[in-house]
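The following exercises ask the reader to work through a structure one step at a time. Each task is followed by a worked solution.

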Amino acid sequence: MSTLDLIGENFVLLTGEDNSLWRTAARNISSHLGVSIEVYDMSSQGGWIECEDSWEALYDVTSQGAVLIRPDGFVAWRTKEEESNPHLILKQVMTSILW
């Protein structure tokens, strides 16, 4: 399955195996803004099989990073490393995209 198959009507947040803070932030922001954000753990533990390169190398992020993709398939934002406050960062990003 390609990451393109994950794109649909909702925003998609791709994360590495260290994704619990991103998953919680996405759930809270989705509820607060009324916009769905699907979260996918791109690590092998998340059920995804890596092809030639790991997703971290392809998207230039670490296992603590995240990539937000718009419903039209364009990358809206990414962070390479862990953020100190994922909730605040994701809220600012989503607010700037939507308004």
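**Exercise 1.** In which loop is the place of Pro71? Determine also its degree of exposure and its surroundings.

*Solution.* The model under study is a predicted one.

Step 1. Pro71 is located in the loop between E3 and E4.

Step 2. The relative accessible area of Pro71 is 30%. Buried residues have under 20% and exposed ones over 50%, so Pro71 is classed as partly exposed.

Step 3. Contacts beyond four places in sequence are then listed for Pro71: Ile7, Gly8, Glu9, Asn10 and Phe11. With one of these, Glu9, the C-alpha separation is 5.3 Å, although Pro71 and Glu9 are 62 residues apart along the chain.

**Exercise 2.** Establish the strand order of the open sheet and the way its strands pair.

*Solution.*

Step 1. The open sheet has 4 strands in the order E2-E1-E3-E4, and its pairing is mixed. E2 and E4 are the edge strands, each pairing on one side only. On average, neighbouring strands of this sheet are turned by 15° against each other, direction ignored.

Step 2. The mixed pairing can be followed from E1. Strand E1 (residues 11-15) runs parallel to E2, to which 5 bridges join it. E1 runs antiparallel to strand E3 (residues 66-69), and 4 bridges join these two.

Step 3. Leu14 illustrates both pairings. Its bridge partner in E2 is Tyr40, and its bridge partner in E3 is Val67.

**Exercise 3.** Describe how helix H1 (residues 20-33) is placed with respect to the strands.

*Solution.*

Step 1. Together with E1 and E2, H1 makes a β-α-β unit, which is right-handed.

Step 2. H1 lies across E1, E2, E3 and E4, and runs at about 170° to E2.

**Exercise 4.** Which side chains of strand E2 (residues 37-41) are buried, and which are not?

*Solution.*

Step 1. The side chains along E2 alternate between two faces.

Step 2. One face carries Ile37, Val39 and Asp41, which are buried. Glu38 and Tyr40 point to the other face and are not buried.

**Exercise 5.** Identify the largest nonpolar core and the elements that supply it.

*Solution.*

Step 1. A general tendency serves as background: in soluble globular proteins, nonpolar side chains tend to be buried together.

Step 2. The largest nonpolar core has 16 residues, and those with the most contacts inside it are Leu13, Ile37, Leu68, Trp77, Leu90 and Met94. At least two residues of this core come from each of E1, H1, E2, E3 and helix H3 (86-98). H1 gives the most, with 5 residues.

Step 3. A second, separate core has 8 residues, including Leu14, Val61, Val67 and Ile69.

Step 4. Leu13 may be examined as a member of the largest core. Beyond four places in sequence, Leu13 touches several residues, among them Trp22, Ala26, Ile37, Val39, Leu68, Trp77 and Leu90.

**Exercise 6.** Is Thr79 buried or exposed? Account for the classification and list its polar contacts.

*Solution.*

Step 1. Thr79 belongs to strand E4 (residues 75-79). Thr79 counts as buried because its relative accessible area is 7%, where the limit is under 20%.

Step 2. Its side chain is joined to that of Glu83 by a polar contact of 2.6 Å. A polar atom of the Thr79 side chain also lies 3.3 Å from the backbone oxygen of Glu81.

Step 3. Not counting residues up to four places away in sequence, Thr79 touches Trp22, Val61, Gly65 and Ala66.

**Exercise 7.** Characterise the environments of Ser63 and Leu98.

*Solution.*

Step 1. Ser63 is in the loop between helix H2 (55-59) and E3. With a relative accessible area of 18%, Ser63 is buried.

Step 2. The side chains of Ser63 and Gln64 make a polar contact of 3.1 Å. Beyond four places in sequence, Ser63 is in contact with Gly16, Glu17, Asp18 and Glu56.

Step 3. Leu98 is part of helix H3. Its relative accessibility is 30%, so Leu98 counts as partly exposed.

Step 4. Outside its neighbours within four places in sequence, Leu98 is in contact with Phe11, Leu33 and Val35. Leu98 and Leu33 are 65 residues apart along the chain, and their C-alpha atoms are separated by 9.4 Å.

Key:
Residues numbered from 1 in each chain as written. Predicted model: local features only at pLDDT ≥ 70, side-chain atom pairs only at ≥ 80, totals over all residues. Heavy atoms only, no water. Buried < 20%, exposed > 50% of the residue type's maximum accessible area, 1.4 Å probe, protein only. Pairing = 2+ DSSP bridges. Right-handed = clockwise from strand over helix to strand, strands pointing away. Polar contact = N/O pair within 3.5 Å; in protein donor to acceptor, adjacent residues only side chain to side chain. Contact = heavy atoms within 4.5 Å. Axes fitted to C-alpha atoms, helices over the stretch in contact; angles between N-to-C directions. Core = buried A, V, L, I, M, F, W, Y, C linked by side-chain atoms within 4.5 Å.
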